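Please take a moment with the sequence and the structure shown here before reading on. The paragraphs below then lead through them step by step.

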Amino acid sequence: MLKNQRLILIAVVVAVLLATFSLASAQTVEYRSLLSGTVVNVVSVGDTVKEGTVLVEVSRIGATVAVARATAEGVVKEVLVKTGDTIAKDTVVVRVENSRK
């Protein structure tokens with residue numbers, strides 16, 4: 001009987017460790033606009049991005065400028081702006097779930 005209890009305890013500990021590892025391996029990151037302007041291009045929910053991928057571009061004084069870029073590989077989970085929106089500097093524009101490898 002004691003042996004079965006030990007095995008159950010070990011199984012529970014392993015399950016908790018695996019769940020903790022799974023949660024720790026992904027992190028949602030908010031990306032903010034570096035400049036103000038009118039949004040002309042934005043990624044879509046579900047897009048896979050890698051470090052350097054442009055997430056949002058704005059029109060500013062007649063030029064198109066990237067105002068948010070991914071800093072790591074991940075999947076776009078939420079887009080908080082749309083084409084045509086006027087945004088201020090430091091506005092949260094996109095949330096990406098980063099994957100750690």
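What follows is a walk through a predicted model, from its sheet to its core and then to its salt bridges.

One open sheet is built of four strands in the order 5-4-2-7, and their pairing is antiparallel. The edges of this sheet are strand 5 and strand 7 (86–87), each of which pairs on one side only. Strand 7 runs antiparallel to strand 2 and is joined to it by two bridges, and in one of these pairings G37 has I87 of strand 7 as its bridge partner.

The largest nonpolar core has 18 residues, and those that touch the most other members are Y31, V39, L55, V56, V81, V93 and V94. Two or more residues of this core come from each of strand 1 (26–32), strand 2 (37–42), strand 4 (54–60), strand 5 (63–69) and strand 8 (92–99). For V39, the contacts beyond its neighbours within four places in sequence include V56, V58, V81 and I87.

The model also holds four salt bridges. In one of them, the side chains of R95 and E30 meet at 2.7 Å, N to O, and this pair links strand 8 with strand 1 across 65 residues. R95 also forms a salt bridge with E78, with the closest N and O atoms 2.8 Å apart; because E78 lies in strand 6 (residues 74–79) and R95 in strand 8, the pair ties together parts that are 17 residues apart in sequence. E78 is partly exposed, at a relative accessible area of 32%. Through shared partners, salt bridges join E30, R32, E78 and R95 into one network.

Notes: Residues numbered from 1 in each chain as written. Predicted model: local features only at pLDDT ≥ 70, side-chain atom pairs only at ≥ 80, totals over all residues. Heavy atoms only, no water. Core = buried A, V, L, I, M, F, W, Y, C linked by side-chain atoms within 4.5 Å. Buried < 20%, exposed > 50% of the residue type's maximum accessible area, 1.4 Å probe, protein only. Contact = heavy atoms within 4.5 Å. Pairing = 2+ DSSP bridges.
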